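Student: Before we start, I would like to practise giving reasons for the words we use, so could we take each term slowly and check it against what the model shows?

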Amino acid sequence: MKYLQIIVLCEGESDAIYLDIIFKMLKEKNPDINFKFTSIPIKGKTNFRDEKYIDKVEKTKLKFQGESQVLYVVDTDDVDTSKEDLELLEKITEHVKKQDWHFVFFNRDIEEVLNKKADRKKKMKEARSYTEKKFYEVDKNNLKVRDYLIRGTSNLFSVILEELEMKI
């Protein structure tokens, strides 16, 4: 049996809730992997270099006996129309690569990909009411896209399949 810890750095608490639901479902599809899911909300994507979060990742890794993989999950926001957002995303991508982590994007945001009808003003409430049933309504091909400029898509499943070598 493989022992795998998946540490996810994400922008906020609502992102962590959505990802927790997805990884719980993946546990069922991967009975040969004993895995632990840990989310670390970093309170906004601009905190990607903050040492306290990098230290938290390292401490979390040390507490686990087995393999640890880190996903850095980010919303692309206005990357297609804002030079600043594009530059920030490129800096984040570079930083993630240097850390030997895995870059995961949601274009425009996690709600647009997973929960299109979500009220953006009530992100936490919407995330808490998200269910497996709603996830099954998502077009899974939209979770295998590599180009972060394509709206309503993510590379989450590509990373899970190819980098984490898990079944989806």
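Tutor: Let us begin with one contact in this predicted model, where Asn107 has Thr153 in E5 as its bridge partner.

Student: What makes E4 and E5 count as paired strands?

Tutor: Two strands are paired if at least two bridges join them, and E4 and E5 (residues 153-154) have two bridges, in the antiparallel sense, so the pairing qualifies.

Student: How do you know that E3 and E4 pair as well, and in which sense?

Tutor: Strand E3 (residues 67-75) and E4 share five bridges in the parallel sense, and because at least two are needed, they pair. Leu71 stands opposite His102 in E4, and the chain passes from E3 through helix H3 (residues 83-99) to E4 in a right-handed β-α-β crossover.

Student: Why is E4 called mostly covered?

Tutor: A residue is buried when its relative accessible area is under 20%, and in E4 (residues 102-107) six of six residues are buried, so the description fits. His102, Val104 and Phe106 point one way, while Phe103, Phe105 and Asn107 point the other way, and all are buried.

Student: What makes the span of helix H1 close to the expected one?

Tutor: The expected span is 1.5 Å times one less than the number of residues, which for the 17 residues of H1 (residues 13-29) gives 24 Å, and the helix reaches 25 Å from its first C-alpha to its last, so the two values are close.

How values were computed:
Residues are numbered from 1 along each chain as its sequence is written. This is a predicted model: local features need pLDDT of at least 70, side-chain atom pairs count only at pLDDT 80 or more; totals for chains, interfaces and linings use all residues. Side-chain values use heavy atoms; hydrogens and water are left out. Buried means under 20% relative accessible area, exposed over 50%, partly exposed in between (1.4 Å probe, protein chains only). Helices (H or I, at least four residues) and strands (E, at least two) are DSSP runs, numbered from the N terminus. A crossover is right-handed if, with the strands pointing away from the viewer, the path from the first strand over the helix to the second runs clockwise.
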